[in-house]
Amino acid sequence: MLAHVEMSGFEPARADWPAGYRLVSFDIGLLADFMERDLGMTIAYWCVFAAMFIPWICAAYAKKAGGFQWHDNHHPRGFLAHAQGRAERADAAQKNGYEIFPPFAAAVIIAHATGNAGQAGVNFWALCFVFSRLAYSYCYIKDMPAIRSALWGMGLICIMALFGLAC
């Protein structure tokens, strides 16, 4: 069983759950088995797929926060070049996402290709990378530079760990 939810007399663990229900356990191993067996890719490969969308999400947020209109689509980069505040920071997070994605994707592929890395380790570092990039983007947009820089470093450590596992 992937997740075990039971009825209890307690308040819900999450606001979107009906009253009286709570999550008792969640088996990440079964999730990994399902993703690899039934969906055909490892969790790490799914992380590459997910990480590909992070810069696009930042770009969409930058345009929304900057007041992007359809007529701005004639020159969207020019529009974002004049963005300020949250929109400017979201655009910067987008650009950084494009810079860091290729080394991450390469690290995951190389870790798989060498056959030297255990799958659990590759999955762990790939998940850590994706979570660090999501948090990085959030902190960049919210103007939290110290935390953002630490999260950038965490993402870099994840990439180096993936390459290390391949050795």
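**View 1. The lining of the largest cavity, by residue class.** In this predicted model, the largest cavity is lined by six nonpolar residues, together with one polar and one charged residue. Look for Ala51, Ile54, Pro55, Gly97, Ile100, Phe101, Phe129 and Arg133, the residues that make up this lining. Helix H2 (43–65), helix H4 (86–114) and helix H5 (119–141) are the elements that each give two or more residues to the lining. The volume enclosed here is about 50 Å³, and the structure holds one cavity of 30 Å³ or more.

**View 2. Cys158 and its closest cysteine neighbour.** Why does Cys158 form no bond with Cys128? The closest cysteine sulfur to that of Cys158 belongs to Cys128, and at 4.9 Å it is too far away for a bond, because a disulfide needs the two sulfur atoms within 2.5 Å. Cys158 has a relative accessible area of 1%, so this residue is buried.

**View 3. Cys58, another cysteine to find.** Is Cys58 buried or exposed? With 3% relative accessibility, Cys58 counts as buried. The structure as a whole holds zero disulfides.

**View 4. Stepping back to the fold.** Six helices and two strands build the protein. Following the sequence, you will meet them in the pattern β-β-α-α-α-α-α-α. Among contacts with a separation of 6 or more, 61% come from residues 24 or more positions apart.

**View 5. Surface and interior.** Of the 167 residues in the protein, 34% count as buried. The protein exposes about 10100 Å², and carbon and sulfur atoms supply 65% of that area.

Key
Residues are numbered from 1 along each chain as its sequence is written. This is a predicted model: local features need pLDDT of at least 70, side-chain atom pairs count only at pLDDT 80 or more; totals for chains, interfaces and linings use all residues. Side-chain values use heavy atoms; hydrogens and water are left out. Buried means under 20% relative accessible area, exposed over 50%, partly exposed in between (1.4 Å probe, protein chains only). On a 1 Å grid over the protein atoms alone, a cavity is a set of points where a 1.4 Å probe fits but cannot get out, and a pocket is an open set with protein on both sides within 12 Å along at least five of seven lines; lining residues have an atom within 4 Å of a point. Grid points are joined across faces, edges and corners, and a volume is the space filled by probe spheres set on the points. Helices (H or I, at least four residues) and strands (E, at least two) are DSSP runs, numbered from the N terminus. Ala, Val, Leu, Ile, Met, Phe, Trp, Tyr, Cys and Pro count as nonpolar, Asp, Glu, Lys and Arg as charged, and the others, Gly among them, as polar. Contact means heavy atoms within 4.5 Å. Accessible areas come from the Shrake-Rupley method with a 1.4 Å probe; for residues, only the protein chains shown count as cover.
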